[in-house]
Amino acid sequence: MGVEKMQMLKVHGSNNDFFILDEKNLENSITENELSALARVVCDRQNGLHGGADGILFVTAGHSGVAGRMRVINADGSEASMCGNGIRTVARYLNEKNGLNEFKVETMYADLEVKKSENFAPSVPAYDAEISPVSFSATDLKMNVENKTKLIDDYIPQLSKTIKFSAVAVPNPHLIAFVSHDVLVGSELGRIASYLNNGKNPIFPDGVNVSFVQIQKPKQIFVRTYERGVGYTNACGTAMSASSLIYVLLHPEQAETGQLISVFNPGGMVKTCVHQREDGSYWMSLIGNATFVAEVTVDQSAAFKGDFKEAVWNETNEQDAYEEFAAQVQGGSR
Ligand SMILES: N[C@@H](CCC[C@H](N)C(=O)O)C(=O)O
């Protein structure tokens, strides 16, 4: 039997990095368990593929009316319903395959609009992705907080006596707190988020993405996130979108629906815009880079064993361009 080669694309949005695996590039189909196991092996930061990643974006043919389907597998092998930074890279991947600049991508709960946006800088392509559906319901969040059916700017005493939280599903679950710079950079985020993602707490039994947000000035926030299924990441697109929504709801004097918000993060910067439909429901635009770092070819069976010695890694020139962009914008954000 020949050696089955598997091609993947190393990508990122705001340095929240992934491997795009297109089902078409698999010589042999893989089972659900194999996909989950592959994510754990390939994404491992110590022994994974070329420094690992925050997850795998598994691209398959979608139903009619979409250009493709994106599934999100976290680094721990768990599947998430959405990935904001990831869908921008999948949008670019599909755009460059089908030549369309505006189309829909199928995700677990919705077909989402994506479109090519103006480059953020030379060799820093950018895409605009719809983040939806949005729900504040404790049921949708799989959240148990006393007898609360929703949580907006309120305390969860078991977590903190001083920090107030808001919870929103976009549709993956997010817990968000607006804090001072000192708290943003402190240890509370890790303490709270690691407890809520320990698999046995009563508040979020399925885990939750936790973000601390600092308002830097009107229509400019900084978001630091500890992700479910991953841990600290450079950025989380759905978290930045959810944080923007809560920001608009809690600080309408600073930012309203329809206005662009600059969202800085440890990995760079994106733009968001909160929209409200006539039925009162919300959705967000998430506009940010879609960087292709490298094309990689590995032997499929070796990859499952975590053997990447023979991996072929062909880098693009885009990462240097992105780092230059990120340094420039972050210098301006202080
Ligand atoms: N980093 C992604 C979110 C990935 C899924 C998340 N960790 C979850 O489990 O909900 C993003 O950019 O949104």
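In this predicted model, Val-168 makes a handy starting point. Setting aside neighbours within four places in sequence, Val-168 is in contact with Val-134, Ser-135, Phe-136, Leu-141, Pro-173, His-174, Ile-176, Ala-242, Leu-245 and Ile-246. Val-168 also belongs to the largest nonpolar core, a set of 49 residues, and it ranks there with Leu-57 and Met-70 among the residues with the most contacts inside that core. The biggest giver to this core is helix H6, which covers residues 237-250 and supplies six residues. Both domain 1 (5-127 + 290-332) and domain 2 (138-288) give residues to the core, so it sits between the two. There is a second, separate core as well, made of 35 residues, and its members include Leu-141, Ile-163, Leu-189 and Val-210.

Now for the domains themselves. The domain assignment splits the protein into domain 1 (5-127 + 290-332) and domain 2 (138-288). Taken over C-alpha atoms, the centres of domain 1 and domain 2 are 24 Å apart. Where the two meet, domain 1 puts 27 residues into the contact and domain 2 puts in 25 residues.

Next come two cysteines. The UniProt record (an unreviewed entry) lists Cys-83 and Cys-236 under "active site". They span 154 residues in sequence, yet their C-alpha atoms are no more than 7.8 Å apart, so the pair gathers at one spot. Cys-83 and Cys-236 are also both part of the lining of the largest cavity.

Cys-83 sits in the loop between strand S5 (79-80) and helix H2 (84-98). With a relative accessibility of 7%, Cys-83 counts as buried. Beyond its neighbours within four places in sequence, Cys-83 is in contact with Phe-18, Leu-57, Met-70, Val-72 and Thr-238. Two names on that list, Leu-57 and Met-70, are familiar from the largest nonpolar core, where they are among the residues with the most contacts.

As for Cys-236, its place is the loop between strand S14 (231-233) and H6. Cys-236 is buried too, at a relative accessible area of 4%. Not counting residues up to four places away in sequence, Cys-236 touches Asn-16, Asn-85, His-174, Thr-225 and Glu-227.

Some of these partners turn up again in another annotation. The UniProt record, again an unreviewed entry, places "binding site" at Asn-16, Asn-74, Gly-84, Asn-85, Asn-172, Asn-209, Glu-227, Arg-228, Gly-237 and Thr-238. From this set, the lining of the largest cavity takes in Asn-16, Asn-74, Gly-84, Asn-85, Asn-172, Asn-209, Glu-227, Arg-228, Gly-237 and Thr-238.

Two of these positions are worth a look in detail. Asn-172 is found in the loop that links strand S10 (164-169) to strand S11 (173-178). It is a buried residue, with a relative accessible area of 4%. Leaving out residues up to four places away in sequence, Asn-172 touches Ser-81, Met-82, Asn-209, Arg-228 and Thr-238. Among these partners, Asn-209, Arg-228 and Thr-238 carry the "binding site" label in UniProt as well.

Thr-238, for its part, lies in helix H6. At just 1% relative accessibility, Thr-238 counts as buried. Apart from neighbours within four places in sequence, Thr-238 is in contact with Met-82, Cys-83, Gly-84, Val-170, Asn-172 and His-174. With His-174 there is something extra: the side chains of Thr-238 and His-174 are joined by a polar contact of 2.9 Å. His-174 is a partner of Val-168 and of Cys-236 too.

Another polar contact involves Ser-285, a residue of strand S17 (residues 282-289). Ser-285 counts as buried, at 8% relative accessibility. Its side chain and that of His-275 are joined by a polar contact of 2.7 Å. Once neighbours within four places in sequence are set aside, Ser-285 is in contact with Asp-128, Ala-129, Lys-271, Thr-272, Cys-273 and His-275.

Last up is helix H5 (residues 188-196), where Leu-189, Gly-190, Ile-192, Ala-193 and Leu-196 are buried. The elements covering these buried residues include S10, S11, strand S12 (209-217), strand S13 (220-227) and S14. One of the buried residues, Leu-189, is a member of the second core.

Notes: Residues are numbered from 1 along each chain as its sequence is written. This is a predicted model: local features need pLDDT of at least 70, side-chain atom pairs count only at pLDDT 80 or more; totals for chains, interfaces and linings use all residues. Side-chain values use heavy atoms; hydrogens and water are left out. A nonpolar core is a set of buried Ala, Val, Leu, Ile, Met, Phe, Trp, Tyr and Cys residues joined through side-chain atoms within 4.5 Å. Buried means under 20% relative accessible area, exposed over 50%, partly exposed in between (1.4 Å probe, protein chains only). Helices (H or I, at least four residues) and strands (E, at least two) are DSSP runs, numbered from the N terminus. Domain bounds come from an automatic or database domain assignment. Contact means heavy atoms within 4.5 Å. UniProt positions are given in the numbering used here, feature names are shortened, and annotations may be inferred rather than shown by experiment. On a 1 Å grid over the protein atoms alone, a cavity is a set of points where a 1.4 Å probe fits but cannot get out, and a pocket is an open set with protein on both sides within 12 Å along at least five of seven lines; lining residues have an atom within 4 Å of a point. A polar contact is a pair of N or O atoms within 3.5 Å; within protein, one must be able to donate a hydrogen and the other to accept it, and residues adjacent in sequence count only if both atoms are side-chain atoms.
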